[in-house]
Amino acid sequence: MERWIMHVDMDAFFASIEQRDNEAYQNQPVIVGGLSNRGVVSTASYEARSFGIHSAMPMVEARRRCPQGIFVAGNHSLYKAVSKQIFHIFQEFSPLVEPLSLDEAFLDITGMEKITLNQRDYAKLLKKRIKDELGLIASVGIAPNKFLAKLASDFDKPDGLVIIERGLEQSILRDMPIRRLWGVGKKTGEKLQALGFRTIGQIAQASSDELAKYLGKTLSYQLIELANGRDERKVEPERDIQSIGNEITFEQDLLQAAQVEKQFLALAEKVGWRLRLSGVKARTLTIKIRFASFQTITRSQSLLEPTNFDEVIYQMAVNLYRQVKVKESIRLLGITGSNLSLHEEESLFQEDQKKKALYHMMDDLKARFGENIITKANLIQKPHNEKDLPKG
């Protein structure tokens with residue numbers, strides 16, 4: 001049976017939800033993201049994109065390009081709830097659904113046309129379900145593999161539906177720029193351009209051995225396979241969580257060690273909560289520090305026993321931080337837990353049992369009333385000037 005993969009990508013997801021739920025936002029340039037001067041754009045509506053605004057753009061630049069835009073901090077709990085509804089619909093269209101983010105996924109629809117409709121009508125039905133039930137627009141790409149399906153979903157946005165038929169792969173890819181290949185980021189793209197490559201068709205004709213001299217054997221093979229429209233990866237409905245973390249960019253750079261350690265306490269609280277919420281513990285903890293000069297460093301350490309306790313995460317983060325020679329102010333901090341253990345073992349220590357009971361009570365309050373309902377006393381700040389507040 002010939003394999004067919006569908007890639008579904010919600011159009012301007014966060015901004016579209018805001019426009020759906022706020023009549024005054026409809027047909028207006030809506031920009032969702034961090035509203036501080038150091039914030040970045042998460043999503044821009046298509047009306048805002050006409051001003052050249054795009055994801056990851058500094059919010060300052062977005063305001064300069066579109067001062068009349070509607071700037072929204074966003075409601076991530078709402079976005080997650082809507083995402084859950086969308087994925088419920090996906091599950092009705094395929095038993096194999098691989099999430100890529102809140103608003104996009106791969107669906108393996110191999111053989112579905114045998115029992116229902118052809119691929120195009122099947123995609124139309126899915127798009128209609130999302131529009132009728134949730135008031136949102138999705139773009140769909142269908143192709144023999146994941147790479148081509150994802151590429152196709154981006155061809156005719158918004159509200160696109162593009163099918164790449166088997167046998168047309170190379171003719172479609174031939175004249176596309178190399179940046180459209182998975183695995184070609186800025187640095188790899190610069191290397192390829194320096195070697196004279198401009199199009200995917202040129203990569204398709206390249207010698208794997210010659211390309212490996214500059215990019216390595218594995219990446220060279222992958223790029224040539226994709227350039228020829230070949231991608232054997234399966235849709236994987238259950239993907240293990242690799243890491244859980246949180247980071248924050250500050251409105252004002254941090255100058256004092258006490259400020260840094262206080263922020264690590266806030267980050268440890270968030271990371272601990274998210275680890276427990278996911279039912280996992282982290283054996284390896286990593287801190288991330290970005291200085292005012294934009295130099296970014298990471299430091300990691302592994303524990304004898306995995307943890308999801310805030311105070312253990314905090315102490316580890318502070319210990320790692322104190323080993324760093326800090327010569328300038330800090331604009332970003334982050335903590336990530338990795339090397340996760342999905343099956344929690346009961347501790348033999350009574351103290352750990354007491355902590356577990358305490359965290360269970362705290363997490364229950366957070367689940368019922370929101371993550372910020374309870375926090376460490378050291379993180380409660382007295383009123384002060386807005387400019388002193390760190391913002392994400």
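Helices are DSSP runs of H or I with at least four residues, numbered from the N terminus. On that basis, Glu225 lies in helix α12. The model examined here is predicted. Glu225 has a relative accessibility of 19%. The cut-off for buried is under 20%, so Glu225 counts as buried. Its C-alpha atom is 7.4 Å from that of Ala204. In sequence, Glu225 and Ala204 are 21 residues apart.

The overall make-up of the protein comes next. The protein holds 15 helices and 12 strands. Of its 392 residues, 44% are buried. Among contacts with a separation of 6 or more, 65% are between residues 24 or more positions apart.

Two helix pairs were examined. The first involves helix α12, the element that contains Glu225. Helix α11 spans residues 208–215, and helix α12 spans residues 217–227. They pack at an angle of about 130 degrees. Their axes are 7 Å apart. Angles of 65 to 115 degrees count as roughly perpendicular and those over 145 as roughly antiparallel. The angle of about 130 degrees falls in neither class, which makes α11 oblique to α12. The crossing of these two helices is right-handed. On the α11 side, the contacting residues are Ser208, Leu211, Ala212 and Leu215. On the α12 side, they are Lys217, Leu219, Ser220, Tyr221, Leu223 and Ile224.

The second pair joins helix α1 (residues 13–21) and helix α4 (residues 76–93). Here the angle is about 100 degrees, and the axes are 11 Å apart. The two helices are therefore roughly perpendicular to each other. Helix α1 contributes Phe13, Phe14, Ile17, Glu18, Arg20 and Asp21 to the contact. Helix α4 contributes His76, Leu78, Tyr79, Val82, Ser83 and Ile86. Aromatic residues recur at this contact. Phe13, Phe14 and Tyr79 are linked into a cluster by ring pairs.

Aromatic pairing was then considered across the model. Rings of Phe, Tyr and Trp pair if their centres lie within 6.5 Å. By this rule, the count comes to seven aromatic pairs. One of them is formed by Phe106 and Trp182, with ring centres 6.3 Å apart and planes at 85 degrees, so the pair is edge-to-face. The partners come from distant parts of the chain, 76 residues apart. Phe106 belongs to strand β6 (residues 104–108). Trp182 sits in the loop between α8 (169–173) and α9 (186–194). Their accessibilities also place them in separate classes. Phe106 is buried, at a relative accessible area of 1%. Trp182 is partly exposed, at 28%.

Arginine side chains also meet aromatic rings. Arg49 lies over the face of Tyr46, at 4.3 Å from the ring centre. Arg166 lies over the face of Trp4, at 4.9 Å from the ring centre.

Arg166 appears again among the contacts of Arg3. Arg3 is found in the segment before β1 (5–10). Neighbours within four places in sequence are left aside here. Arg3 is then in contact with Asp108, Thr110, Ala143, Pro144, Asn145, Arg166, Asp231, Glu232, Arg233 and Lys234. For Thr110, the C-alpha to C-alpha distance from Arg3 is 4.9 Å. These two residues are 107 residues apart in sequence.

Backbone geometry completes the survey. The peptide bond from Lys157 to Pro158 is cis, with omega near -10 degrees. Pro158 is placed in the loop between α7 (146–153) and β8 (161–163).

Positive phi values were found in residues other than glycine. Ala56 has phi near 75 degrees. Ala56 lies in the loop between α2 (46–49) and α3 (59–65). With a relative accessible area of 57%, Ala56 is exposed. Phe294 also has phi near 75 degrees. Its place is in the loop between β10 (281–291) and β11 (296–307). Phe294 has 52% relative accessibility and counts as exposed.

Notes:
Residues numbered from 1 in each chain as written. Predicted model: local features only at pLDDT ≥ 70, side-chain atom pairs only at ≥ 80, totals over all residues. Heavy atoms only, no water. Phe/Tyr/Trp six-rings, centres within 6.5 Å; stacked < 30°, edge-to-face > 60°. Buried < 20%, exposed > 50% of the residue type's maximum accessible area, 1.4 Å probe, protein only. Lys NZ or Arg CZ within 6 Å of the ring centre and 35° of its normal. Axes fitted to C-alpha atoms, helices over the stretch in contact; angles between N-to-C directions. Parallel < 35°, antiparallel > 145°, perpendicular 65-115°, else oblique. Left-handed = near helix turned anticlockwise from the far one by under 90°. Contact = heavy atoms within 4.5 Å.
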